[in-house]
Amino acid sequence: MQAILARLSPVAALLSRISLLIAGFGVVVMTVLVFWSIFGRYILNDTPTWTEPAVLLLMSWFILLGSAAGVRERGHIGFEIGLAASPPPLRFVLKLITEVLLVGFGLAMTGYGSQLAIGTWSATTPMIGISQGWDYVPVAIGGALITLFSVERLLMVLAGTDEAVDTAAPMIE
């Protein structure tokens, strides 16, 4: 199990870092698009209609990629006080249940997000002229990343090395 973790963790760390960089870039681009929309509406008196659907698409990307990175860094919603107050055997079981549920959630997102993307691929988003399937691609990719990061955490729980990771250095230096 340690050998699998030794190979998986650097890949997961790189994917998490890339996800956060893309999410951060998406927030910046979204801010510029919102500014352009407001500028166009109130200064130029010519509202750019394509900015709203573009912003919504960008939001899907940065929210889902950021959420996946949050799962890896244990930033998702949890009951840490209850976990810390639990005796070690119960704590182990609770961590196991949490990671198994997150793997299932990630797999569901990947599967259903892929189905939605494929099912809507032939339709076009009117204002920006791209496939509506792109609206669901971030759901599938975010789900795949959540699955990968949760499998990594599950293996850490099983190997008993998850405590050391919780106090590790920040992901981005």
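# Helix packing around H5

H2 and H5 are roughly parallel to each other, because their axes cross at roughly 5° and angles under 35 degrees count as roughly parallel. The model is predicted. H4 runs roughly antiparallel to H5, since the two pack at an angle of about 160° and the cut-off for that class is over 145. H1 also packs with H5, at an angle of about 145°.

**H2 with H5**

- The axes of H2 and H5 come within 8 Å.
- From H2, the contact takes in Ser-60, Trp-61, Leu-64, Leu-65, Ala-68, Ala-69, Val-71 and Arg-72.
- From H5, the partners are Val-137, Pro-138, Val-139, Ile-141, Gly-142, Leu-145, Ile-146, Phe-149, Ser-150, Glu-152 and Arg-153.
- By class, the contact of H2 with H5 holds 13 nonpolar, three polar and three charged residues.

**H4 with H5**

- The axes of H4 and H5 are 7 Å apart, at an angle of about 160°.
- That angle makes H4 roughly antiparallel to H5.
- The crossing of H4 past H5 is left-handed.
- The contact of H4 with H5 counts 17 nonpolar residues, eight polar ones and three charged ones.
- Thr-147 offers a view of this pair from H5, the helix it lies in.
- Is Thr-147 buried or exposed? Thr-147 counts as buried, because its relative accessibility is 12% and the limit for buried is under 20%.
- Beyond its neighbours within four places in sequence, Thr-147 is in contact with Val-103, Gly-106, Leu-107 and Thr-110.
- Thr-147 and Val-103 are 44 residues apart along the chain, yet their C-alpha atoms are separated by 4.7 Å.
- Val-103 and Gly-106 are also among the buried residues of H4.
- Other buried residues of H4 include Lys-95, Glu-99, Leu-102, Met-109, Gly-113, Ala-117 and Thr-120.

**H1 with H5**

- H1 and H5 pack with their axes 10 Å apart, at an angle of about 145°.
- H1 passes H5 in a left-handed crossing.
- H1 brings Gln-2, Ile-4, Leu-5, Leu-8, Ser-9, Ala-12, Leu-15, Ser-16 and Ser-19 to the contact.
- H5 brings Leu-145, Leu-148, Phe-149, Glu-152, Leu-155, Met-156 and Ala-159.
- Sorted by class, the contact of H1 with H5 has 11 nonpolar residues, four polar and one charged.
- Leu-145, Phe-149 and Glu-152 of H5 appear in the contact with H1 and also in the contact with H2.
- Val-34 lies in H1 as well.
- Val-34 is partly exposed, at 34% relative accessibility.
- Val-34 and Ile-141 are 107 residues apart in sequence; C-alpha to C-alpha, they are 25 Å apart.

**Helix spans and ends**

- How far apart are the end C-alpha atoms of H2? They are 32 Å apart, which agrees with the 32 Å that 22 residues should span at 1.5 Å a residue.
- Just after H2, Arg-74 takes a positive phi of about 60°.
- H4 reaches 47 Å from first C-alpha to last over 33 residues, close to the expected 48 Å.
- H5 has 23 residues and reaches 33 Å, close to the expected 33 Å.
- Gly-160 follows H5, with a positive phi near 80°.

**From H1 into H2**

- Arg-41 is found in H1, which covers residues 2-42.
- The relative accessible area of Arg-41 is 39%, so Arg-41 is partly exposed.
- Apart from its neighbours within four places in sequence, Arg-41 is in contact with Asp-46 and Thr-47.
- Asn-45 sits in the loop between H1 and H2.
- Asn-45 has a phi near 55°, a positive value in a residue other than glycine.
- Asn-45 is exposed, because its relative accessible area of 69% is over the 50% limit.

**From H4 into H5**

- Where is Thr-125? Thr-125 is in the loop between H4 (88-120) and H5 (137-159).
- Thr-125 counts as buried, because its relative accessibility is 10% and buried means under 20%.
- Outside its neighbours within four places in sequence, Thr-125 is in contact with Pro-53, Ile-130, Ser-131, Gln-132 and Asp-135.
- One of these partners, Pro-53, falls within H2, residues 51-72.

How values were computed:
Residues numbered from 1 in each chain as written. Predicted model: local features only at pLDDT ≥ 70, side-chain atom pairs only at ≥ 80, totals over all residues. Heavy atoms only, no water. Helix = DSSP H or I, 4+ residues; strand = E, 2+ residues; numbered from the N terminus. Buried < 20%, exposed > 50% of the residue type's maximum accessible area, 1.4 Å probe, protein only. Contact = heavy atoms within 4.5 Å. Expected span 1.5 Å × (residues − 1). Axes fitted to C-alpha atoms, helices over the stretch in contact; angles between N-to-C directions. Parallel < 35°, antiparallel > 145°, perpendicular 65-115°, else oblique. Left-handed = near helix turned anticlockwise from the far one by under 90°. Nonpolar A, V, L, I, M, F, W, Y, C, P; charged D, E, K, R; others polar.
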